[in-house]
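Hello,

Here is the structure I said I would pass on. Please open it first and then read the notes below it.

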Amino acid sequence: MRLSVHFSPGRARVKFLTAVALLPLLALGQPRPGQPGPGQPRLAHDGDRWVRVYSGSEPAGQRLRVNAHGPVTFQGGTASRLQYTVRVGVTARTEAQAQRVLERYAVRVAPVGGWTVLTAPGGPVVSTVTVKAPWLSAVEISTSDGPVVAAGVNGPLTVDTGAGELSVDHVRGDCKAVTGGGDIRVGLVNGSLHCSSGAGKITVGTVSGEAVMETVGGDIVANDIGAAVRAETGAGGVHILKAGGPVTAGTGGGQIIVDKANGIVMARNGAGPVQVGAAAGVQCESGSGGIRVSNITGAMRVSTSLGNIMASLLAGRVADSFLATGNGDITVWIPSDVGVMVRAQNEMADTMRRIISEYPGVQPRRQGRQLFAEGPVNGGGPLLQISATAGTIFIRKQK
């Protein structure tokens, strides 16, 4: 501040005293470093926390990156500018103690390398971020802890949280969603999907590209995937309703179900059943559980240590196949227009009825302690090998 003192009679002292008296009032309008300014919101008491809410509006740009330390909600296509609200809370006994902590933290919004970067504070404080924006070409959200909800991105979306549930929807590009622990829910993705959870269920709606879904423990359910699928869970079930390409599925324990795949299904189950409704070939393995495959147009390699196997062929391209169980029955349905060469073997020969065939050309015969049945079906074709150690082999005509 500049003071001007004129030594005219009777006025100099008055001007000087007036200026000095205004100094404390003027200083109130200038925020000190680390102190809230005149427009900064006051603290509010919410349960055991003191809370301060920051809000602002910025030009949106094209790409947004959010760095947070708590829950994040992003809603694209809902505003013409970048509008954000950050709720920052701290646990403290008094307002003065809370003020001393919060005055060291601030919300920052800045352009960095073509991105608009919103950074919310962490450490001893917990921040909850809510963002509304127009359709952006790319969004990246990273938080150390807390759930994330993101919807409405006109391009790729990347979401990463140390622990918390993830929910994403209406992504017009590739999507990557990672959580250290929590459920993942995906609605519509017009691109590829890669999601991973340390422990939690994964539920996916519609993905136009390929999908990779991984969880250490939890079920995986996918409704409609336009290309290849890979689904892996340490302990839980896998259910793929429709896949536009091959499917690779694995679990340490739980059922695997693939209703329809436009490609080969490769399934590995440590302890549980496997079911494939339709596929262009299957490779299924179970340590303990039954396997059922139907409407298969390609090669089959199916084995289980303990459980029944039921398989039905579909008219079309049939390749060499192998079915085996260590302990259980095997039933194969062969349509009248599918030709194969059957070679069946049963280690248990206590009765001739351990191999039952509805085709006259394939009937059991004893060789030592084993039963064999071999011959062409519907004129012959690719080799179909069937092997059972304990149980019964059924070779059925499919009506």
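On aromatic pairs, the count is zero. Bear in mind that this is a predicted model. A pair of aromatic rings is described by the distance of the centres and the angle of the planes. With a count of zero aromatic pairs, there is no such description to give here.

Rings do turn up next to charges, however. Which ring has the charged end of Arg172 over it? That ring belongs to Trp135, and the charged end sits 3.8 Å from its centre. A second case involves Lys397, which lies over the face of Tyr359 at 5.4 Å from the ring centre.

Next come the salt bridges. Side chains of opposite charge can pair when their charged atoms come close. The count of salt bridges is six. I describe some of them below.

Glu165 and Arg185 form one of these, with 3.5 Å between the closest N and O atoms. Glu165 belongs to the loop between β11 (157–161) and β12 (166–171), while Arg185 is in strand β14 (residues 184–189), so the salt bridge ties together parts that are 20 residues apart in sequence. Are the two residues buried or exposed? Glu165 is partly exposed, because its relative accessible area is 37%. Arg185 also has 37% relative accessibility and counts as partly exposed.

Arg268 and Glu232 form another salt bridge, and here the closest N and O atoms are 3.0 Å apart. Where do the two partners lie? Arg268 is in strand β23 (residues 265–269) and Glu232 is in strand β19 (residues 229–233). The pair links distant parts of the chain, 36 residues apart. Arg268 counts as partly exposed at 43% relative accessibility, and Glu232 counts as partly exposed at 21%. For Glu232, the cut-off helps: buried means under 20% relative accessible area, so a residue at 21% is placed in the partly exposed group.

Glu358 pairs with Arg396 in a further salt bridge, where 3.1 Å separates the closest N and O atoms. This pair, too, links distant parts of the chain, 38 residues apart. Glu358 sits in the loop between β32 (355–357) and β33 (365–367), and Arg396 is in strand β36 (residues 393–398). Glu358 has a relative accessible area of 29% and is therefore partly exposed. Arg396, with a relative accessible area of 25%, is partly exposed as well.

Regards

Terms used
Residues numbered from 1 in each chain as written. Predicted model: local features only at pLDDT ≥ 70, side-chain atom pairs only at ≥ 80, totals over all residues. Heavy atoms only, no water. Phe/Tyr/Trp six-rings, centres within 6.5 Å; stacked < 30°, edge-to-face > 60°. Lys NZ or Arg CZ within 6 Å of the ring centre and 35° of its normal. Salt bridge = Lys/Arg side-chain N within 4 Å of Asp/Glu carboxyl O. Helix = DSSP H or I, 4+ residues; strand = E, 2+ residues; numbered from the N terminus. Buried < 20%, exposed > 50% of the residue type's maximum accessible area, 1.4 Å probe, protein only.
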